[in-house]
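Trainee: I am new to this structure and should like a close look at a single part of it. Would you take me through one helix and then show how its surroundings fit together?

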Amino acid sequence: EMVYTVTLQNRAFKIEGYDQEVKALWQHSVSTAFYTKELARLQGYNVDKAFLWGLLHDVGKAAVLLALTQLQGDVDDVFETSVTAAAMDRFHVEVGGLIAERWALPAMVRECILYHHDYRAAPTCQEAAMVTCLADRPSHVAMCQEPDLSELESLCQHEVLADLRLPPDKFDG
């Protein structure tokens, strides 16, 4: 965990001029990694592998942000925050998949990156993508300055819990 975390932080999460955005991305990635690890423990999966699924699930966001900063320099213009955020949301999955391929990551990690928003489309590692999908959600809530607890409550009704056959009371813990 420590090697993965330090290496990734030093490689993918250093983008000049976007310290706050990069810090938030990094915190979300680490938070998701720990949620993924705990969910994997509940499901009887390898927790070290699961940590990596969560840590890398949004790696494409950092790459998109880096590409946008380079493009801004080329066109000598600054994109609005909403444009940058929309581009990161729209392209992070595809870009993350390309990074996983380029880094020759295992298929399971690549599928968690590609399918953490649409786990049912995962061709071979659907359960890993489900765990990553589920871990991503409380991590977003936990990162908010003022968490919306109703969003956490709605997670207990999310279809991924049923698909994982994870009772809501276990998820609550």
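Mentor: One definition is needed at the outset: a residue is called buried when its relative accessible area is under 20%, exposed when that area is over 50%, and partly exposed in between. Please bear in mind that this is a predicted model.

The setting comes before the part itself. The protein chain has 10 helices and zero strands, and its pattern along the sequence reads α-α-α-α-α-α-α-α-α-α. Of its 173 residues, 43% count as buried.

The part I propose for the close look is helix 5, which spans residues 81-102. This helix has a kink of about 55°, and the kink is centred on F91. Its buried residues are T84, A87, M88, H92, V93, G96, G97, I99 and A100. A general point helps in reading such a list: an α-helix has 3.6 residues a turn, so residues three or four places apart point the same way.

After helix 5 comes A104, a residue with a positive phi near 55°. A104 belongs to the loop that joins helix 5 to helix 6 (107-115). Its relative accessible area is 64%, over the 50% cut-off, and A104 is therefore exposed. A positive phi also occurs at R165, again near 55° and again in a residue other than glycine. R165 sits in the loop between helix 9 (159-164) and helix 10 (168-172). With 64% relative accessibility, R165 also counts as exposed.

Helix 5 also takes part in the largest pocket. This pocket holds about 430 Å³ of space. It is lined by 18 residues, and those closest to its centre are E21, A24, L25, A85 and M88. M88 is thus a residue to look at twice, because it is among the buried residues of helix 5 and also among those closest to the pocket centre. Helix 2, helix 4 (59-75), helix 5 and helix 7 (126-143) each give at least two residues to the lining. By character, the lining consists of nine nonpolar, five polar and four charged residues.

Helix 5 contributes to the largest nonpolar core as well. The core contains 31 residues, among which L134 and F171 touch the most other members. At least two of its residues come from each of helix 2, helix 3, helix 5, helix 6, helix 7 and helix 9. Helix 7 provides the largest share, seven residues.

Two of the helices just named, helix 2 and helix 3, are also joined by an aromatic contact. The count of aromatic pairs comes to one. In this pair, the ring centres of F34 and F51 are 5.1 Å apart and the ring planes stand at 80°, so the arrangement is edge-to-face. The contact links distant parts of the chain, since F34 lies in helix 2 (residues 19-43) and F51 in helix 3 (residues 47-56), 17 residues apart. The two partners can now be judged by the definition given at the start. F51 has a relative accessibility of 2%, under the 20% cut-off, and therefore counts as buried. F34, at 41%, falls between the cut-offs of 20% and 50% and so counts as partly exposed.

To return to the part you asked about, helix 5 bends at F91, is followed by A104 with its positive phi, and supplies residues both to the pocket lining and to the nonpolar core.

Note on methods
Residues numbered from 1 in each chain as written. Predicted model: local features only at pLDDT ≥ 70, side-chain atom pairs only at ≥ 80, totals over all residues. Heavy atoms only, no water. Phe/Tyr/Trp six-rings, centres within 6.5 Å; stacked < 30°, edge-to-face > 60°. Helix = DSSP H or I, 4+ residues; strand = E, 2+ residues; numbered from the N terminus. Buried < 20%, exposed > 50% of the residue type's maximum accessible area, 1.4 Å probe, protein only. Bend = angle between axes of the 7 residues up to and from the residue. 1 Å grid on protein atoms, 1.4 Å probe; cavity = no way out; pocket = protein on both sides within 12 Å on 5 of 7 lines; lining within 4 Å. Points joined across faces, edges and corners; volume = space filled by probe spheres on them. Nonpolar A, V, L, I, M, F, W, Y, C, P; charged D, E, K, R; others polar. Core = buried A, V, L, I, M, F, W, Y, C linked by side-chain atoms within 4.5 Å.
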